[in-house]
Amino acid sequence: MVFLFWVLVMLVLVGWVQGLGMNWGTQASHPLPPDAVVGMLKDNGITKVKLFDADEHTMKALANTGIQVMVGIPNDQLQVMATSTKDAANWVETNVTEFNLDGGVDIGYVAVGNEPFLKAYNGTFIQYTFPALQNIQNALNKAGLKNIKATVPLNADVYQGDTPSEGEFRPDINDLMIQICQFLASNGARFTANIYPFLSLYTNDNFPVDFAFFDGTGQPVIDGNIQYTNVFDAALDTLFWALKRAGFPDLPVLVGEVGWPTDGDKNANINYAQRFNQGLLKHIMNGRDTPLRPQNIETYLFSLVDEDEKSIAPGNFEMHWGIFQSDGTPKYTLDLSGQSQNTTLISAKGVKYFPRRWCVFNPSASPLVLTQLPDSITYACTHGECTSLGYGSSCNNLDYQGNASYVFNSYYQVKNQQNGDCGFYNLAIVTENDPSQGTCKFEIQIAVSAASNTMNSYIYSLISVAGAVAIVLLSVL
């Protein structure tokens, strides 16, 4: 009987790990090869992945792996999908039928847009999202792929309520949300919600820190006869109440994104990320979920790897959501079974790096040349990455020379260590001595060609960060 008990326990654990989903974003200057990422997913027992596009190389790498895929349609394609049933059908043929039926990729969902109703978008995608959802699902149905469901990943700002039981959809989109829910229900599809407890801390310095986690040590929030000990449960139940109030109390829900960043903010660090993600996995594994719907909810962690070309408009933390570094190295221990064991994640295999060379500040730079330092830092930071230099971040304690070295090296690595990219008016020199200090790591990029150009939004945001760094350096100088 004891043996049988443990067999059943292991079956439950394996089954749950296989149900864990992971977001895989590719907005990186030096992305891991898709085959390496797929190998990493398999080695860590992850059998569901959510993409933000339907890149051909990524899809081919996922073929015949047993990994279920949610493919994505970017927001900038919503208008085309909404206004042309022919274009929607062509998209399904090219990105779903070709891979699902003929290519051996197990596609379970199509994500139509990504958080298109964010208030920050000022209504840009509101008129296109629902028609695009309809056209894509109808195209799937006509192609004989009714088992593949279209959904719209929505940010938690589509609903509101001071307490969970007061949950309701935003007044400006309430009627639209009811239409979307009705369509999802009629097609047997799921409502997809992205929930970020980290943002509660980021946007509100008075938010109780412990309530963002699953330790149960914080002051509970009382809503009628229900006590909430963490904001994740409270946010989900607010959604469930909004669905109930809209007439859809049983509409299935999946969590499309949830996670915690490791850098770029005072509350974004490895300790908090490990605490949150391990607590989340244990919470779900134990079948607790929320008081209103006490059953396991399909959940996709955000995210698999860091992405150094994401827009930092929401905050410097945006590049640091991965449980792995951008090179596929684990950041911290994480037991994906939810049992809180001291488990080390398995790294990506076969990763090749550039030589062990760094670009750092030249301590022999002349006073005349030093006048070029602010402009040089601004330029390097614009085309590199300097989000780790902000207040409370991993490189916050560097002096002005350390700040300059970090920015110069970031630019040098992004540029593939090319000759001439470590000059900056002789303010920088190449060294073979690792300049990393404590928690501040000076990276060496992986040796792959850049897969995409830096986006305008990313450049614009980094200019602001670079300007801030330049001001700090000027004050020191």
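## A nine-stranded sheet and three disulfides

The torsion about the S-S bond of Cys-359 and Cys-422 is about 90°, so this disulfide is right-handed. The bridge ties together distant parts of the chain: Cys-359 belongs to strand E14 (residues 358-361), whereas Cys-422 sits in the loop between helix H13 (400-414) and strand E15 (428-431), and the two are 63 residues apart. Keep in mind while you look around that this is a predicted model.

**The disulfides**

How many disulfides does a search of the whole structure find? It turns up three, and here they are with their sulfur distances.

| Disulfide | S to S distance |
|---|---|
| Cys-359 to Cys-422 | 2.0 Å |
| Cys-381 to Cys-386 | 1.7 Å |
| Cys-395 to Cys-440 | 2.0 Å |

Are the two cysteines of the opening pair buried or exposed? A residue counts as buried when its relative accessible area is under 20%. Cys-359 has a value of 0%, so it is buried. Cys-422 comes out at 12%, so it is buried as well.

Now for the other two pairs. Cys-381 and Cys-386 are both buried. The link of Cys-395 and Cys-440 is right-handed, with 95° about its S-S bond. That pair also connects distant parts of the chain: Cys-395 lies in the loop between helix H12 (373-383) and H13, and Cys-440 in the loop between E15 and helix H14 (456-476), 45 residues apart. Both Cys-395 and Cys-440 are buried.

If you count the bonded cysteines along the chain, the disulfides follow the pattern 1-5, 2-3, 4-6. One more cysteine is worth a look: Cys-181 has a relative accessible area of 0%, so it is buried too.

**The sheet**

Next up is an open sheet of nine strands, with parallel pairing. Reading across it, the order is E5-E4-E3-E2-E1-E13-E12-E9-E6. Its edges are strand E5 (149-151) and strand E6 (153-155), each of which pairs on one side only. On average, neighbouring strands are turned by 25° against each other, direction ignored.

Strand E1 (residues 21-23) and strand E13 (residues 299-301) sit next to each other in that order, and they pair in the parallel sense over two bridges. Gly-21 has Tyr-300 in E13 as its bridge partner.

On the other side of E1 in the strand order comes E2. Strand E2 (residues 48-50) runs parallel to E3, and three bridges join them. Lys-48 stands opposite Gln-68 in E3. To get from E2 to E3, the chain passes through helix H3 (residues 56-62), making a right-handed β-α-β crossover.

How many of the residues of E3 are buried? Six of its six residues are. In a regular strand, side chains alternate between the two faces of the sheet. Here both faces of E3 are covered: Gln-68, Met-70 and Gly-72 are buried on one side, and Val-69, Val-71 and Ile-73 on the other.

Strand E3 (residues 68-73) also runs parallel to E4, and six bridges join the two. You can find Gln-68 opposite Asp-106, and Val-69 opposite Ile-107. Gln-68 therefore has a place in the pairing on both sides of E3, facing Lys-48 of E2 and Asp-106 of E4.

Why is strand E4 (residues 106-112) described as largely enclosed by the rest of the structure? Because six of its seven residues are buried. Three bridges join E4 to the edge strand E5, again in parallel, and Val-110 has Ala-150 in E5 as its bridge partner. The chain crosses from E4 to E5 through helix H6 (residues 126-142), and this β-α-β crossover is right-handed.

**Helix H10**

Last stop is helix H10 (residues 270-285). At 1.5 Å a residue, its 16 residues should span 22 Å, and the end C-alpha atoms are indeed 22 Å apart, so the two agree. At the N-terminal end, Asn-269 acts as a cap: a side-chain oxygen lies 3.2 Å from the backbone nitrogen of Asn-271. After the helix comes Gly-287, with a positive phi near 70°. The buried residues of H10 include Ala-273, Phe-276, Leu-280, Leu-281 and Ile-284, along with Asn-277, Gln-278 and His-283.

Conventions. Residues numbered from 1 in each chain as written. Predicted model: local features only at pLDDT ≥ 70, side-chain atom pairs only at ≥ 80, totals over all residues. Heavy atoms only, no water. Pairing = 2+ DSSP bridges. Helix = DSSP H or I, 4+ residues; strand = E, 2+ residues; numbered from the N terminus. Axes fitted to C-alpha atoms, helices over the stretch in contact; angles between N-to-C directions. Buried < 20%, exposed > 50% of the residue type's maximum accessible area, 1.4 Å probe, protein only. Right-handed = clockwise from strand over helix to strand, strands pointing away. Expected span 1.5 Å × (residues − 1). Polar contact = N/O pair within 3.5 Å; in protein donor to acceptor, adjacent residues only side chain to side chain. Disulfide = S-S within 2.5 Å.
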